[in-house]
Amino acid sequence: MSAVHHVDHVIIGAGFAGLCTAIKLQEDGETDFVVLEKCSDVGGTWRDNTYPGATCDVPSQLYSFSFAPYDWSRSYSPQPEIQDYIRSVAERSGTLDRFVFDTPAEDASWDDATQRWTVRTQNGTWVSRTLVVGAGGLSAPRTPEIEGIETFQGRVFHSARWDHDADLAGKRVAVIGTGASAIQIVPELQKTLEATGGHLDVYQRTAPWIIPRNDRVYPATERAALRRVPGLRRLYRTGIYWAHESYVPAFTLAPGLAAPATRAATLNITRAVKDPALRAKVTPYFKIGCKRILRSNDWYPALTADNVELVTDPIAKVTGNAIVTADGTEREIDVLVVATGFWTTELPITEHLTGRTGRTLAERWRESGMAAYKGTTVPEFPNLFMVVGPNTGQGHTSMIFIIESQVAYIRDALRHLRRSGAASVEPLPEATDRWNRTLQQRMRRTVWTRGGCHSWYLDAHGRNTTLWPRTTADFRRRLASFDADAYRVVAPVEVAPGEVEQ
Ligand code: N01
C-alpha cells in the first residue's frame with residue numbers, strides 16, 4: 001500500500017505559478033506544504049517548450065518575479081535563459097526540498113467529513129487542508145483531429161513536445177499551424193533545411209497579425225547599469241509594464257485605437273512579401289487583437305524562401321507519407337510538426353478534481369461553462385485555489401503579474417483561515433455569478449468577441465472564458481485582499497482525536 005502523507009497544503013505544478021505559491025507560503029511561515037510535479041524539473045511550460053526558436057514574446061524584463069529580478073541578456077530572451085531563471089529562483093528559495101518530481105496528481109477529492117483534500121499519485125497519497133492548482137492554462141498539447149494522422153509513418157510531434165532526436169537534415173518537413181509557436185519554429189526550420197537541402201511546407205488555416213519584434217542584445221554597459229544603479233531596473237520594468245498596459249483599451253473598449261498596430265503589421269507584410277499572391281495569403285481577414293498579436297521579424301522572410309511553401313488549402317487527410325489538401329494535391333513529407341496549440345477552455349486536470357458534492361470540476365464546467373470567482377476559487381470546491389484560472393489570461397503582457405496577484409489573494413485567504421479558526425472557505429454561488437456576469441458583459445465590447453475571428457480564447461459556445469477584460473493593475477486591485485463576505489466560511493467539524501492529524 002502506498003504511503004499517506006499529511007500536510008497543510010498541496011500545490012500541483014512546479015511552473016511559475018506553483019513556484020511562486022511555494023515561495024510566498026514559506027515567507028508566511030506556512031512551511032508544511034508539498035509541490036507535486038509531473039515531470040523531473042521545475043519550469044512548467046518553459047521546461048516543456050524546447051522547440052527551435054522558443055523565445056518569450058513579452059519583454060524579458062516582465063518575465064521575472066517582482067521579488068527576484070534577473071540580469072537578462074536581451075529584450076526577448078530565449079527559452080533556455082528563462083528556464084535557467086526559473087531553476088535559479090527555485091534553488092535560491094530554499095523550498096526545493098518539498099518538491100516531489102515525477103509525481104503527477106492522478107486525482108484529488110474533497111471530503112466534507114474530514115474537511116481535507118486527498119490527492120492521489122502513483123508515489124503516494126497526500127491529505128491536505130488546501131489544494132493550490134498551478135497546472136497552467138497552456139500546458140496540455142492539443143493535437144489536430146485530421147483523418148489518417150495516426151497512420152503517418154514518419155516522425156510526428158507537437159511543438160510543445162519537440163523531438164530532439166528527429167533528424168531533420170535534408171528532410172521534407174510539414175508544420176501545421178501559424179500561431180505564436182509556429183511563427184518562432186518556422187524561421188529556424190527554414191534555415192536548418194536550407195543548409196541541408198531540405199524542404200518545408202507550412203499549413204496555414206488562419207493568417208495571424210504579426211508586428212515587428214524589437215529584439216536586441218543588452219550591451220554590457222546597460223546590463224551593468226541595471227545591476228548597479230539603485231532603482232534603475234525597477235524603473236525600467238515599470239516603464240515596460242505601463243507601456244504594455246496602455247494597449248488594453250484597444251482590446252477592450254475601442255478597437256479603433258489599434259490602428260497604429262494594424263499599420264505596423266501591414267507594413268511588416270508589404271516590406272517582406274513582394275509577391276501579390278503570397279501577400280494576399282498572409283493578410284489576415286479579422287481585426288488586429290482578435291487573436292493574439294504575434295511578434296516576429298523573420299516569419300515573412302522565411303515564407304518567401306525558395307525551400308518553403310505556404311499551403312492555405314484546407315487539409316483533407318494525412319496518409320502514411322503525405323498530407324493531402326482539399327484540392328487533391330498530395331505533398332510528401334518525412335516529418336510532421338503539429339503546432340496546433342493547447343486545451344485552453346476544457347482543462348484536462350479538471351476531470352480529476354472532485355468537490356464536496358461528488359461532481360468533478362469538469363462536470364460542473366460542462367454544465368455552466370468554465371468560470372471561477374476572481375479566477376481563483378469555485379463554489380462546491382472548498383479550499384481549492386487555482387492560479388491562472390478562468391479569465392485570468394493575457395494577450396498583451398506577462399502572466400507573472402497575474403500569478404503574483406493571485407498568490408497574494410490566496411495568502412490573504414489563508415491568513416483569514418488562521419485568524420478566524422475556520423476550516424474552509426468556498427465562494428458563494430451569487431458572488432461567483434455576479435463576478436462572471438459583469439465580466440461577460442464587459443467581454444461583449446472586446447475585440448476578442450467582435451473582431452471577426454475564432455480563437456482559443458473562446459469556448460464551444462463562443463464565450464471568452466480565458467482572458468481578463470481589463471488592465472492587470474485592475475485585476476491586482478480587485479484581488480488585493482480576501483473578501484470573506486463573498487464566501488461560505490465553514491467551522492471545523494468535531495473530529496475524534498487522531499482521526500485527521502497523525
Ligand atoms: O497555439 P495557437 P500556439 N488544422 O492555438 C492551427 C502562448 N505562447 O502554440 O488560427 C489546421 O495560437 C491554428 O489555426 P487557427 C501564447 O499565449 C507564448 O502557437 O485556429 N490548423 C493556429 O494557427 C499563444 O497564444 C509564447 O485557424 C490547425 C495554430 O494551429 C499560445 O501559447 C510562445 C488545426 C495553433 O495556434 C498558443 O500558441 C508560444 C487543424 N486541425 C506560445 N488546429 C511566448 O513567447 C489548430 N490549427 C510567451
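How are helix 5 and helix 6 oriented to each other? In this predicted model, local features need pLDDT of at least 70 and side-chain atom pairs count only at pLDDT 80 or more, while totals for chains, interfaces and linings use all residues. Residues are numbered from 1 along each chain as its sequence is written, and side-chain values use heavy atoms, with hydrogens and water left out.

Two packed helices are described by the angle between their axes and the distance between the axes. Helix 5 (residues 220–228) packs on helix 6 (residues 232–245) at an angle of about 105 degrees, the axes being 6 Å apart. Helices here are DSSP runs (H or I, at least four residues), numbered from the N terminus; axes are lines fitted to C-alpha atoms over the stretch in contact, and angles run from 0 to 180 degrees between N-to-C directions. Helix 5 and helix 6 are therefore roughly perpendicular, given that angles under 35 degrees count as roughly parallel, over 145 as roughly antiparallel, 65 to 115 as roughly perpendicular and the rest as oblique. Glu 222, Ala 225, Leu 226 and Arg 227 of helix 5 make the contact with Leu 232, Arg 233 and Tyr 236 of helix 6, where contact means heavy atoms within 4.5 Å. By class, these residues are four nonpolar, no polar and three charged (Ala, Val, Leu, Ile, Met, Phe, Trp, Tyr, Cys and Pro count as nonpolar; Asp, Glu, Lys and Arg as charged; the others, Gly among them, as polar).

Helix 1 takes part in two packings. With helix 12 (residues 399–420), helix 1 (residues 16–27) has axes that come within 10 Å and cross at roughly 40 degrees, so the pair is oblique. The crossing is right-handed (the near helix is turned clockwise from the far one by less than a right angle; anticlockwise would be left-handed). Among the residues in contact are Phe 16, Cys 20 and Lys 24 of helix 1 and Ile 403, Val 407 and Arg 411 of helix 12. This contact holds eight nonpolar, one polar and four charged residues.

Against helix 3 (residues 79–93), the axis of helix 1 comes within 11 Å and crosses at roughly 20 degrees, which makes helix 1 roughly parallel to helix 3. This crossing is left-handed. Phe 16, Leu 19, Ile 23 and Gln 26 in helix 1 meet residues of helix 3 including Ile 82, Tyr 85 and Val 89. The contact has eight nonpolar, two polar and no charged residues.

Turning to empty space, the second largest pocket has a volume of about 360 Å³. On a 1 Å grid over the protein atoms alone, a pocket is an open set of points with protein on both sides within 12 Å along at least five of seven lines, a cavity is a set where a 1.4 Å probe fits but cannot get out, and lining residues have an atom within 4 Å of a point. Points are joined across faces, edges and corners, and a volume is the space filled by probe spheres set on them. Of the 19 residues lining this pocket, Ile 211, Tyr 247, Phe 251, Ile 293 and Arg 295 lie nearest its centre. Helix 7 (248–252) and helix 8 (259–272) each give two or more residues to the lining.

The largest cavity encloses about 60 Å³. Its lining includes Phe 251, His 396, Trp 448 and Arg 470, and helix 7 supplies the largest share, three residues.
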